[in-house]
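Q: I am new to this structure and would like a close look at a single part of it. Please choose the part, and describe enough of the rest for me to place it.

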Amino acid sequence: MAPTQGPPTDKSQPWLPLVGGGNDGWSTETEATATCFCGAVQLKFPLQGPGLVETFICHCVDCRKVSVSMFATNFTIADPYLTYTRGQDNLTAYAQSRTIATNNTMTNYFCKTCGTLMYRASSGHEGLNAVRMGVVDDYRLHEGKLRPRVEQFVESRVGWLLPVEGMKQFEGSMWGGKVLAGGV
Ligand SMILES: [Zn+2]
Ligand SMILES: [Zn+2]
């Protein structure tokens, strides 16, 4: 039988659509997996603090380029809590600081096989990893426990996209930028 691609009617159930080559992602009440498009690399992370630090949307110009889209959706996981179920040796890294607004060095970790960007790490925030939300296997979490709480670099948000109601709005970085509107 073909797997169900749409969200389940029962919203308390995980939603694990058939995507790419992995198809063995999972989630529990307290942790979940994130898998690259080909399935070679799989991460495991917690769904609450202290491991889960923040959930946010980034509109910075680098995120447009590196996410090949108009913004990036991320969540930060503290170092000891981000672990691999497989494929750590199948990652490759690309780092640069020339165009990073904060002048930090940003290192991007990609799957060598399929090119999926799994997470980024900034030299300015040692021990924190900004995982890309699109790689999380349980799609229910994208709008549930991992729903973004913050939008940052909103001054470079693409013109056809409105601020998300209720999300805290930052001009510049959420780590020191100017708050334009509070969250709920
Ligand atoms: Zn891959
Ligand atoms: Zn960004």
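A: The following account introduces the chain as a whole, examines one sheet closely, and then turns to its surroundings.

The model is predicted, so to speak of a local feature requires a pLDDT of at least 70 and side-chain atom pairs count only at pLDDT 80 or more, while totals for chains, interfaces and linings use all residues. Residues are numbered from 1 along each chain as its sequence is written, and chains are lettered from A and ligands numbered from 1 in the order in which they are written.

The chain contains 1 helix and 12 strands. Both kinds of element are DSSP runs numbered from the N terminus, helices being H or I over at least four residues and strands E over at least two. In sequence order the pattern is β-β-β-α-β-β-β-β-β-β-β-β-β. The radius of gyration is 16 Å, close to the 16 Å from the globule rule for 184 residues, so the chain is as compact as a globular protein of that length. This radius is taken over C-alpha atoms, and the rule is 2.2 Å times the number of residues to the power 0.38. Along its principal axes, the C-alpha trace spans about 50 × 35 × 35 Å.

The part chosen for the close look is the open sheet of 3 strands, whose order is β1-β2-β5 and whose pairing is antiparallel. Two strands are said to pair if DSSP finds at least two bridges between them. The edges of this sheet are β1 (31-35) and β5 (83-86), each of which pairs on one side only. Neighbouring strands are turned against each other by 35° on average, direction ignored. For such angles, axes are lines fitted to C-alpha atoms, for helices over the stretch in contact, and values run from 0 to 180 degrees between N-to-C directions.

Strands β1 and β2 are paired in the antiparallel sense over 5 bridges. On the other hand, β2 (residues 42-46) is joined to β5 by 3 bridges, again antiparallel. Lys44 can be followed across the sheet: Thr33 stands opposite Lys44 in β2, and Lys44 in turn stands opposite Thr83 in β5. The hairpin of β1 and β2 has 6 residues between the strands, and in it Gly39 takes a positive phi near 95°.

The stretches on either side of these strands also hold details of the backbone. In the segment before β1 lies Asn23, a residue other than glycine whose phi is positive, near 60°. Asn23 has 13 C-beta neighbours inside 10 Å and therefore counts as partly exposed. By this count a residue is buried if 20 or more other C-beta atoms lie within 10 Å of its own, exposed if 12 or fewer, and partly exposed in between, with C-beta atoms placed from the backbone. In the loop between β2 and β3 is Pro50, which is joined to Gly49 by a cis peptide bond with omega of about 5°.

Beyond that loop, the chain enters another sheet. This open sheet has 9 strands in the order β6-β7-β8-β9-β4-β3-β10-β11-β12, with mixed pairing. Its edges are β6 (91-96) and β12 (178-181), each with a single partner strand, so one side of each is left without a neighbour in the sheet. The twist from one strand to the next averages 30°. Within this sheet, β7 (residues 106-111) and β8 (residues 117-122) run antiparallel and are joined by 5 bridges, with Met106 opposite Ser122 in β8.

Ile57 belongs to β3 (residues 52-58). It counts as buried because it has 23 C-beta neighbours inside 10 Å. Leaving aside neighbours within four places in sequence, Ile57 is in contact with Phe71, Thr73, Pro148 and Glu151; contact means that the C-beta atoms, placed from the backbone, lie within 7 Å. Asn74 is 17 residues from Ile57 in sequence, and their C-alpha atoms are 6.1 Å apart. Phe153, in the loop between β10 (150-152) and β11 (168-171), has a positive phi of about 55° although it is not a glycine. Phe153 is buried, with 23 other C-beta atoms within 10 Å.

Two totals complete the picture. Of the 184 residues, 32% count as buried. Among contacts with a separation of 6 or more, 47% join residues 24 or more positions apart.

Note on methods
Contact = placed C-beta atoms within 7 Å.
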